[in-house]
Amino acid sequence: MSSSRIRSPSKFTLEFGLAFPLFAAARLVLSLTNLPHVLKYDHQLSSPLTSYLNLQEGIYLFKNGVDPYSGGTFRHSPLFLSLFTTILPATGVGSSILWTLGDASGAWALVQIWRARQRISSSQRDSLIAALYLFNPYLFLPNLAHSTSSFDNALMLFSLMFASQGRASASLLVLSFLVQISPSSILILAPVLLLLITSPVSRLASPQPLTSSGVQFRKSGLLLVEFIAYFTVFTLISALVVGNWIWIPQTWGATTNLPDLTPNTGLWWYFFTEMFDHFRPMFLMVFSIHLFMYIAPICIKFQYDPLFAAFLLIGILGTFKSYPSLSEPGLFLSMITIFPELYPYFRHPIITALLHFHASLLMPLFNSLWLNQGTGNANFYYASTLVFACSNGAALIDCIWAGLRIAIGEEETGYTVVQE
Amino acid sequence: MLASWKARLFVGLSLSLSVVKASGEQFDEQLTIQSLRDGKVASTFSFKTLLKGVSPRDPRTLGAEDASQHYNVFPLALGQILREYAVTELHLSLNAGRWNYDRWGYPKEPAVGTGAELWAWMGDGGQVSVDHRWMGLRNALAGLFCASLGSLDEQRTTSPDRSFEPEGMLPDWGVPHRIRHATLPSENVCTENLTPFLKLLPCKSLSGIASLLNPHRLFDADWHGMGIHVLWREDEGVEVRLTFQSVSDPVRSSLGRKRDWSFRSLFDRTIDRQCPIAKTSEITVALPSEGSYSINPEPSVVNAGKASFDVATIDKPLDVALQWSGDFQYVSGFDKPITPFSVQRTLRGSSQAHGQLSVIVKNHQNSTQQVVYLETMPWLVQFYLHTLEIRVDGVRRDGIFSDIAYIPAVPHSRPATFQGILTLPPSSALHLTMDVTKSFLRYTEHRPDAQRGWDLPPAVLTVLELDSNTSTARHPVNPRIYTSTLLVDMATPDFSMPYNVIIFTCSLIAFIFGSVFNLLTRKFVVVRID
């Protein structure tokens, strides 16, 4: 149903005010079925750090007086622990509504980012953007599995939305919360700070160095201090909730030390399953640092459009972070909808689409063959995650190519565009 | 001339024996044989050495020079280990097979869990920590008994003090005592473990009851296991009890379906001479309650359905034999459980990622029973406690499982300890289920036969005697019941291609990294096509 709509955007003229509640209601109906109970076991939809089962186990242990961070099952942030043990529902219909709400608010934030980027209050495209967020299988399947990565995505979008609207404190507050629950999201900090001192408007077609437009870099220093302050407060709250500091190695430490080698869609798990013990610390360090190597080049190259830089770094996260599920690459793919100016300049969109198609068919198949049927082998699933990483990388390269190529414009006859 | 030399030797020997007895060491040996309801025969050897008036070593004296150890009967190799690591109480058992509680009842020696089990009580305090001494202890015992006890490392060690209370006494040194417990269900007992076991006996297997310990027959038995138990009692001293239990099946080995047995048929040996050091050397045969039978030779004493033979006085060679007049017939209800409750534990689910632990406890009595349930699960399988569900006769019930103590497992290091008290309603079946998740191991953590799966230790259930006066002060008085071990199928990576994986993944990352930086560092330019 959703795919046919994607293919014919021109016919898609539903009013956002009508369409959005409709989409959200459809998603709610889906999540009220038996699907969450079936999908919550799937490793591709939630990693050990975002798994609904582990969250419930942590809540159970916390309520029964056992420190959930003393074991190896629960790796969610203490903030989640405190929220789910007090105000948020963690079971039954309540949780279905909550998770649907998470995705719906994410879609709404994405539409707001689009509007801020276009400097309009509404557009024909709003409903399409919301639909492509709410009905992206990479996003709604993890959501149905009640993976907390849905909240990571929503918070990511809210942080970018507030930054696009110029609301610095709100943006940094949300971002600091996000970094608490998903530390590798710190990658987005630099483009968010840039976004706060510039504007979200697309300047991809007319690149200009920031220095020439008189931007006050000093302000970003203050914003950084503000971010650190929020982050410290959240850290202290977490420590207060748990009563000790063991949670830091259990939650943040897990993203760099990879104690749980449960298969996921990323590149880390099999690499470190097969790693020689004496090389493990070295490669853990290399893989962790590798993520951060993209921040500066992307932010420098796309300094004139920090929202696009943030979008690229989200793509980096979806490809290379330590405990990804389908929802991180899903966020990147759904965010492509707010950059329609790129579409004519994609380098190899068909190949990228086919790679994604290929990977999304192979991954569940090989995962099931290996772990459930017992007829496959770990290499099969590993190979399909490699294809998935290829497809994510291809999408990323497509977007970077288009983002740079757009500045040259259409090719004229007798001329060609090449890389110097 | 020869006779006088012999006489002198005898006098000398008896003099030296009197020295042993005077120095406070005593050795007793006992063999108990019982015919079971299903025609099998349970034999229990017990060799007890008592070191009178001696206390275990206080751990606070570990830094100082220890008192010299001079034993005549007490096994020095074991004594040195006990002193070196200041162990107060020690229990090591190596078993093969599953003890069938339903048919055979409680065993004479309670430690019948499949595989190796080691637990020790040690005083805390002093310079050397309990965990360090525990490590030394298991490695020393591994060397002594030629068993893989060194694998009972921190990944298998727990401290379940409620299910494994000391059998002896703990000295009051003013420091607390700690328990360390570990099981290795895949460890099997074999001849190489029996040889060092026999070396600890004063008469080896040359004379006395120990001469029946014929490895060819013992390890052919349906169930067999050995145990080493060290404990201390204030009024007696340090006691070392070496035990060997076996359950043989004469019906299987006889053509005529007879359950007759003799030393010759069970062990392929007879007792030719007594062990001169043994103070008592007794063979007890539980006489059948029904059927016509004959026992040879004539027992020394028959008392309360038990025939006793004193090896010292009876004619040798001694070959005790019990013969029935008719063929063996299974009596009706031979399968009816004779323990007050029975346990069945399984791991369900075919997935290599998730499963469900299912425990069925059946109460055979008409009264409520309370049992301590203990799981010491390696981190390979992690519990989801929030999915714990208890049904009694199919109806979901709360409040059946109380006093839950849970120490979660830590990946790559610590096992989980899950302990609680189950209240079994009268004549009912209690069904406990809990979802579990199976861990994914690094390829170096898998064992060479990775596809076989991993053996998981047995759960232990201990009956609590319900005290009518106080409901809180409860002590396990009945023996432990070990459930069967489980075999868990873990997902395996491909062991042949660590290099390939490193190369593939690194190439892919390098490819994406290179492409991204290629785009970011190079400019787009317009070129005229000539």
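When I say strand, I mean a DSSP run of E with at least two residues, and strands are numbered from the N terminus. With that settled, here is the structure. It is a predicted model, so please keep that in mind throughout.

I'll start with a residue in such a strand. B:Asp403 sits in strand S20 of chain B, residues 401–407. Its phi is near 50°, which is positive, and the residue is not a glycine. Is B:Asp403 buried or exposed? The cut-off for exposed is 12 or fewer other C-beta atoms within 10 Å. B:Asp403 has 11 C-beta neighbours inside 10 Å, so this residue counts as exposed.

There is another one like this in chain B. B:Asp268 has a phi near 60°, again a positive value in a residue other than glycine. This aspartate is in a loop, between helix H8 (263–267) and strand S10 (280–286) of chain B. It has 12 other C-beta atoms within 10 Å and is therefore exposed. The background is that most residues other than glycine have a negative phi, and most peptide bonds are trans.

That brings me to the peptide bonds. The bond joining B:Asn296 and B:Pro297 is cis, with omega at about -10°. B:Pro297 is in the loop between S11 and S12 of chain B. A cis bond also runs from B:Lys316 to B:Pro317, where omega is near 0°. B:Pro317 belongs to the loop between S13 and S14 of chain B.

Now the strands around those loops. Strand S11, residues 293–296 of chain B, pairs with S14(B) in the antiparallel sense, over four bridges. Within that pairing, B:Asn296 stands opposite B:Ala321 in S14(B). So B:Asn296 has two roles in this talk: it precedes the cis bond to B:Pro297, and it faces B:Ala321 across the strand pair.

S14(B) covers residues 321–324, and it also pairs with strand S9 of chain B, residues 261–262, through two antiparallel bridges. Which residue of S14(B) is the bridge partner of B:Trp261? That is B:Leu322.

Next, the open sheet in chain B. It has 11 strands with mixed pairing, and the order is S5-S6-S4-S3-S7-S8-S2-S1-S10-S13-S12. The edges are strand S5 (157–158) and strand S12 (301–303), each of which pairs on one side only. At the S12 end, three bridges join S12(B) to strand S13, residues 306–310, and the two run antiparallel. B:Val301 has B:Ser308 in S13(B) as its bridge partner.

Toward the S5 end there is a helix to look at. Helix H4 of chain B, residues 130–145, lies across strand S3 (87–96), strand S4 (115–123), S5 and strand S6 (177–184). Helix H4 runs at about 140° to S4(B).

On to chain A. Its secondary structure comes to 20 helices and one strand. The chain has 420 residues, and a compact globule of that length would have a radius of gyration near 22 Å; chain A has 21 Å, which agrees. Along the principal axes, the C-alpha atoms of chain A fill a box of roughly 70 × 55 × 50 Å. Of the 420 residues, 54% count as buried. Taking the contacts in chain A with a separation of 6 or more, 76% are between residues 24 or more positions apart.

Last, how the two chains meet. How many residues does each chain bring to the contact? Chain B gives 45 residues and chain A gives 55 residues. On the chain B side, strand S18 (381–392), helix H9 (498–521) and strand S27 (524–528) each supply at least two residues. H9(B) gives the most, with 13 residues. By type, the chain B side divides into 29 nonpolar, 11 polar and five charged residues.

UniProt, in an unreviewed entry, places a transmembrane region at residues 499–520 of chain B. In the model that span is 100% helix and 0% strand, and its end C-alpha atoms lie 31 Å apart.

There is also strand pairing between the chains. Strand S1 of chain A, residues 415–419, is joined to S27(B) by five bridges, and the two run antiparallel. One of the partners is A:Tyr415, which is matched with B:Arg528 in S27(B).

That is what I have for today.

How values were computed:
Residues are numbered from 1 along each chain as its sequence is written. Chains are lettered from A and ligands numbered from 1 in the order in which they are written. This is a predicted model: local features need pLDDT of at least 70, side-chain atom pairs count only at pLDDT 80 or more; totals for chains, interfaces and linings use all residues. UniProt positions are given in the numbering used here, feature names are shortened, and annotations may be inferred rather than shown by experiment. The radius of gyration is taken over C-alpha atoms; the globule rule is 2.2 Å times the number of residues to the power 0.38. A residue is buried if 20 or more other C-beta atoms lie within 10 Å of its own, exposed if 12 or fewer, and partly exposed in between; C-beta atoms are placed from the backbone. Two residues are in contact if their C-beta atoms, placed from the backbone, lie within 7 Å. Two strands pair if DSSP finds at least two bridges between them. Axes are lines fitted to C-alpha atoms, for helices over the stretch in contact, and angles run from 0 to 180 degrees between N-to-C directions. Ala, Val, Leu, Ile, Met, Phe, Trp, Tyr, Cys and Pro count as nonpolar, Asp, Glu, Lys and Arg as charged, and the others, Gly among them, as polar.
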